[in-house]
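User: Please go through this structure with me. I would like each label set against its cut-off.

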Amino acid sequence: MKNDKVQILRAAAIMAVIIIHTCPSSMEVWVRPFVNFAVAMFLFLSGYLTVFDRYSSNKQWLRFYWKRSIRVLVPYMIWTFFYTVLSPRNIGTRFLYNTATAGGGANLYYIFVYVQLALLTPLFKIASHSRYRFLIFAIGPLSLLFFKYLPLLHGHELGKLTGIWWSTSCLAWIPYYYFGLLCGNGIVGAQCKTSWLTFFYLAALSLEMFEGYFLQYHGMPNCGSQLKLSTYLTNTAVLFASCRFLACSYDVSGHKFLILTGSFSFGIYFVHVLLIKILRHIPIYGMIPFPLNSFVLLSASLAAIIISDKILGKRLSTWLGLK
């Protein structure tokens, strides 16, 4: 049952990703706060499913690194190539650049973030048993202040190399993965009254919308970004609720569509950006209003993944990251 619940949360996360990438820029300030939990949820679940007791020796940690890294890096290389081929410029040079910078698609930065967090997991294990364990949560907001808000307040942009490093760095995402590790290993719980959690969530949503308008006023692009200070508060509420959902006894076996969507969420994450590029060349798709276009994209992505999985078989589907 817990695995089905994980798949339902993955389904919620991939649906949020689809909405993020189909939301009109004119609406993102007030729409995005409701779905900015997307990547945070994926990272939280990755941490939640990492059981420290399974890794007590260097050999076991090496196996962990191998499994986590190869599982995502091979699909990353393949999809980077696919996205690069769509560019009319020099494919060879562009492929190397895109591979090194996660520049092939708007979604590929996640792989860099995920691998970095996996590599840091032994250090998180040590930190989780320290009296200073909760200081790890400060890394995300502090990095955001230093690399995003200080340049904004001083009226200058990050250099090209620093900007690329920041866009693929795991620093801002650490709190979500780390919280998953703590919850999944029983180090912390998520016990709180539903009324308080609801109030906290609504207050955080209001703050995130205000911050979005603040960034918009100062001319910052992507003002609905998942990387905002207030988003940490919103996502905290969502992840607390998710932790409670995973621990409850509610039977979710009847939610077949959500479970199916969650089981193919990794493949949908890779393929949906490619489908966006394709669908934009179909005139009728451009006439579909938001959020109906989100449903169309999700349905097309899921259908493409299921059909491809049937045709290609388990092994090739795994290497392509379809499941």
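Analyst: R32 and E28 form a salt bridge, with their closest N and O atoms 3.7 Å apart. This is a predicted model, in which local features need pLDDT of at least 70 and side-chain atom pairs count only at pLDDT 80 or more, while totals for chains, interfaces and linings use all residues. Residues are numbered from 1 along each chain as its sequence is written, and side-chain values use heavy atoms, without hydrogens and water.

User: Why is the pair R32 and E28 called a salt bridge?

Analyst: The term requires a side-chain nitrogen of Lys or Arg within 4 Å of a carboxyl oxygen of Asp or Glu. The N and O atoms of R32 and E28 are 3.7 Å apart, so the pair qualifies. Both residues are buried, a word for under 20% relative accessible area (exposed is over 50%, partly exposed in between, with a 1.4 Å probe and protein chains only).

User: How many salt bridges does a search of the whole structure find?

Analyst: Two. E208 and K228 also meet in one, at 3.3 Å from N to O. E208 lies in helix α10 (residues 194-217) and K228 in the loop between α10 and α11, so the pair ties together parts 20 residues apart in sequence. Helices here are DSSP runs of H or I with at least four residues, strands are runs of E with at least two, and numbering starts from the N terminus. Both E208 and K228 are buried.

User: What makes α4 roughly parallel to α13?

Analyst: Helix α4 (residues 58-85) and helix α13 (residues 265-279) pack at an angle of about 5°, with axes 11 Å apart. That angle makes the two roughly parallel, because the label covers angles under 35 degrees (over 145 is roughly antiparallel, 65 to 115 roughly perpendicular, the rest oblique). The axes are lines fitted to C-alpha atoms over the stretch in contact, and angles run from 0 to 180 degrees between N-to-C directions.

User: How do you know that helix α3 is largely enclosed?

Analyst: Eleven of the eleven residues of α3 (residues 38-48) are buried, so the rest of the structure largely encloses this helix. Among them are M41, L43 and F44.

User: Which residues does L43 contact beyond its neighbours within four places in sequence?

Analyst: L43 is in contact with Y110, V113, L117, W173, Y176 and Y177, where contact means heavy atoms within 4.5 Å.

User: Why is A102 called buried?

Analyst: A102 has a relative accessible area of 8%, so it meets the cut-off for buried. Its phi is near 55°, a positive value in a residue other than glycine.
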